[in-house]
Amino acid sequence: MWRWLKTLRSEGNHFRRQAPYRGYYLDFVCLNRMLVIELDGPGHGTDEARKHDADRDHALMRLGFRCCAFRTERSTNT
C-alpha cells in the first residue's frame, strides 16, 4: 500500500507513514487532505484493541479527519 500511496504525490497527496499524532501512531496520514488510513490486523480483535481503535477514529473525526480502517485477518491452515 505504501508504494501506491507514494505514487499519489504528484496529485498533491503527501502521505506520511507511521506518523505520531496526538497520542496515536497513524499507519498512513495525509494532512493536506485530512485523511487517515489504518491497517488493523489480527491483533486488533481484542476488546481493548477495538476500543482503542474506536477512540482513535472518533478523536480524529472530531478534528475533521476522514478515517478509513481496513481490517485484515490472517488465515491459518493446519
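L39 lies in strand β3. This is a predicted model, so please hear everything that follows as read from a prediction. L39 is partly exposed, because its relative accessibility is 34%. On the surface, L39 joins M1, W4 and F70 in a nonpolar patch of about 410 Å².

Let me put that strand in its setting. The protein chain contains two helices and four strands. In sequence order the elements run α-β-β-β-α-β. The chain has 78 residues, and 32% of them are buried. If you take the contacts with a separation of 6 or more, 43% are between residues 24 or more positions apart. The chain exposes about 5700 Å², and carbon and sulfur atoms supply 51% of that area.

Now the neighbour of L39 in the sequence, E38. Which residue does E38 meet in a salt bridge? The partner is R56, with 3.2 Å from N to O. This pair links distant parts of the chain: E38 sits in strand β3, residues 35-40, while R56 sits in helix α2, residues 47-62, and the two are 18 residues apart.

Are these two residues buried or exposed? E38 has a relative accessibility of 3%, and the limit for buried is under 20%, so E38 counts as buried. R56 is at 2%, so R56 counts as buried too. That gives us a charged pair with both members buried, one from the strand and one from the helix.

The pair also has company. E38 and R56 belong to a network of salt bridges that takes in D53 and D57 as well. In total the structure holds five salt bridges.

Two further bridges are found inside helix α2. The first one I will mention is between D47 and R50, where the closest N and O atoms are 2.7 Å apart. Both residues lie in helix α2, three residues apart, which is about one turn of the helix. D47 counts as exposed because its relative accessibility is 60%. R50, at 45%, is partly exposed.

The other is between K51 and D55, with closest N and O atoms 2.9 Å apart. Here too both residues are in helix α2, this time four residues apart, again about one turn. K51 is at 53% relative accessibility and therefore counts as exposed. D55 has a relative accessible area of 34%, so D55 is partly exposed.

So, to set the bridges side by side: E38 to R56 joins a strand to a helix, whereas D47 to R50 stays within helix α2, and so does K51 to D55. E38 is buried, while D47 is exposed and K51 is exposed.

Next, charge on the surface. Which residues gather in a patch of positive charge? They are R3, K6, R9 and R17. R3 is placed in helix α1, residues 2-7. R3 has a relative accessibility of 73%, and the limit for exposed is over 50%, so R3 counts as exposed.

Last, the backbone. As a general point, most residues other than glycine have a negative phi. Where in this chain does R22, with its positive phi, lie? R22 is in the loop between β1, residues 15-21, and β2, residues 24-30. Its phi is near 50 degrees, and R22 is not a glycine. R22 is exposed, because its relative accessible area is 61%.

M34 is another residue other than glycine with a positive phi, near 55 degrees. M34 is placed in the loop between β2 and β3. With a relative accessible area of 28%, M34 is partly exposed.

R22 also takes us back to the buried arginine. The C-alpha atoms of R22 and R56 are separated by 9.5 Å, although the two residues are 34 positions apart along the chain. R22 is exposed, and R56 is buried.

To go over the main items once more. E38 and R56 form a salt bridge between strand β3 and helix α2, and they share a network with D53 and D57. Helix α2 also holds the D47 to R50 pair and the K51 to D55 pair. On the surface there is a positive patch that includes R3, and a nonpolar patch that includes L39, where I began.

Key:
Residues numbered from 1 in each chain as written. Predicted model: local features only at pLDDT ≥ 70, side-chain atom pairs only at ≥ 80, totals over all residues. Heavy atoms only, no water. Salt bridge = Lys/Arg side-chain N within 4 Å of Asp/Glu carboxyl O. Buried < 20%, exposed > 50% of the residue type's maximum accessible area, 1.4 Å probe, protein only. Contact = heavy atoms within 4.5 Å. Areas by Shrake-Rupley, 256 points an atom, 1.4 Å probe, with all protein chains shown as cover. Patch = residues over 30% accessible without salt bridge, like charges linked within 9 Å, V, L, I, M, F, W, Y side chains within 5 Å. Lys, Arg positive; Asp, Glu negative; His and termini not counted. Charge placed at Lys NZ, Arg CZ, Asp CG, Glu CD.
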